[in-house]
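Student: I should like to learn how to read the features of a protein model. Could the structure be shown before we begin?

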Amino acid sequence: IVEAILMEPRDPHKYLIITLSIAIPLVVAILFRIPPVPGYDFSFLPPIYATLNGITAVLLIISVRAIKRGNRELHRKLNLTCMGLSSAFLVMYVLYHLTSAPTPFGGTGWTRGVYFFVLISHIALSVLVIPLVLFTFSRAWAGNFERHRQLAKFTFPIWLYVAVTGVIVYIMISPYYV
């Protein structure tokens, strides 16, 4: 996958996508290393951005069904919506974590293991999905639908997993929010 992405000579957005794919996870990682900015209360955001993840998951499934039925325009609109929802999620996530201390998971026993498995896989794949989504989108935008389809086969299940596990992480940690 990585070789196919990096070796794409015709993608005019290649360096922008690579830059964003490095910068976004870096900014998010830095958020957890700095103290919260005082004076702001964005504690209302986690259920909103978890809902955005859930809506994204549903729309991704509908989008795949649309393209399999030959409805390219609906597929395009749904994917643009998913990208917008994911962007809104990212902004809200950054605002929340910029102004709030991390919430420790308070569960014990097997739920603790499940939570950390889901969380770690979610985080790892959320980093991977950024360039996948952007390159998949860029290929479609350029009209390179064959290469778009080739990459979308990997992008869709990873993006769907990230969206669904985002909701699961929220549900599992929400009892421990202060």
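Tutor: Let us begin with the pockets. This is a predicted model. In the largest pocket, the largest share of the lining, 11 residues, comes from H5.

Student: How does one find where empty space is left?

Tutor: Rolling a probe the size of a water molecule over the atoms shows where such space remains. In this structure, the largest pocket has a volume of about 1,200 Å³. It is lined by 40 residues, and those closest to its centre are Phe89, Leu90, Tyr93, His122 and Ser126.

Student: Which helices each supply at least two residues of the lining of the largest pocket?

Tutor: They are H2 (14-31), H3 (45-68), H4 (72-99), H5 (110-141) and H6 (145-173).

Student: How do the lining residues of the largest pocket divide into nonpolar, polar and charged?

Tutor: The lining holds 32 nonpolar residues and eight polar ones, with no charged residue.

Student: What is the volume of the second largest pocket?

Tutor: The second largest pocket encloses about 690 Å³ of space. Its lining consists of 25 residues, of which His75, Asn79, Thr136, His148 and Ala152 are the closest to the centre.

Student: Which helix gives the most to the lining of the second largest pocket?

Tutor: That helix is H6, with eight residues. At least two lining residues come from each of H3, H4, H5 and H6. By class, the lining of this second pocket has 13 nonpolar, six polar and six charged residues.

Student: Let us turn to the surface. Which residues form a nonpolar patch there?

Tutor: The patch is formed by Ile22, Leu26, Ile30 and Ile34, which together have about 370 Å² of accessible area. Ile34 is placed in the loop between H2 and H3.

Student: Why does Ile34 count as partly exposed?

Tutor: Ile34 counts as partly exposed because its relative accessibility is 38%, and that class lies between the cut-offs of 20% and 50%.

Student: My next topic is charge. When can side chains of opposite charge pair?

Tutor: Such side chains can pair when their charged atoms come close. In this structure the count comes to three salt bridges.

Student: Which residues are linked in a network of salt bridges?

Tutor: The network links Glu73, Arg76 and Lys77. Arg76 pairs with Glu73 in a salt bridge whose closest N and O atoms are 2.6 Å apart. A salt bridge also joins the side chains of Lys77 and Glu73, at 4.0 Å from N to O.

Student: How are these partners placed along helix H4?

Tutor: Arg76 and Glu73 are three residues apart in helix H4, about one turn of the helix. Lys77 and Glu73 are separated by about one helical turn because they are four residues apart in helix H4.

Student: Are the members of this network buried or exposed, or in between?

Tutor: Each is partly exposed: Arg76 at 40% relative accessibility, Glu73 with a relative accessible area of 39%, and Lys77 with 46%.

Student: Which residue forms a salt bridge with Glu146?

Tutor: The partner of Glu146 is Arg149, with the closest N and O atoms 2.9 Å apart. Both residues lie in helix H6, where they are three residues apart, about one turn of the helix. Glu146 is partly exposed at 44% relative accessibility, and Arg149 is partly exposed with a relative accessible area of 42%.

Terms used
Residues numbered from 1 in each chain as written. Predicted model: local features only at pLDDT ≥ 70, side-chain atom pairs only at ≥ 80, totals over all residues. Heavy atoms only, no water. 1 Å grid on protein atoms, 1.4 Å probe; cavity = no way out; pocket = protein on both sides within 12 Å on 5 of 7 lines; lining within 4 Å. Points joined across faces, edges and corners; volume = space filled by probe spheres on them. Nonpolar A, V, L, I, M, F, W, Y, C, P; charged D, E, K, R; others polar. Patch = residues over 30% accessible without salt bridge, like charges linked within 9 Å, V, L, I, M, F, W, Y side chains within 5 Å. Areas by Shrake-Rupley, 256 points an atom, 1.4 Å probe, with all protein chains shown as cover. Buried < 20%, exposed > 50% of the residue type's maximum accessible area, 1.4 Å probe, protein only.
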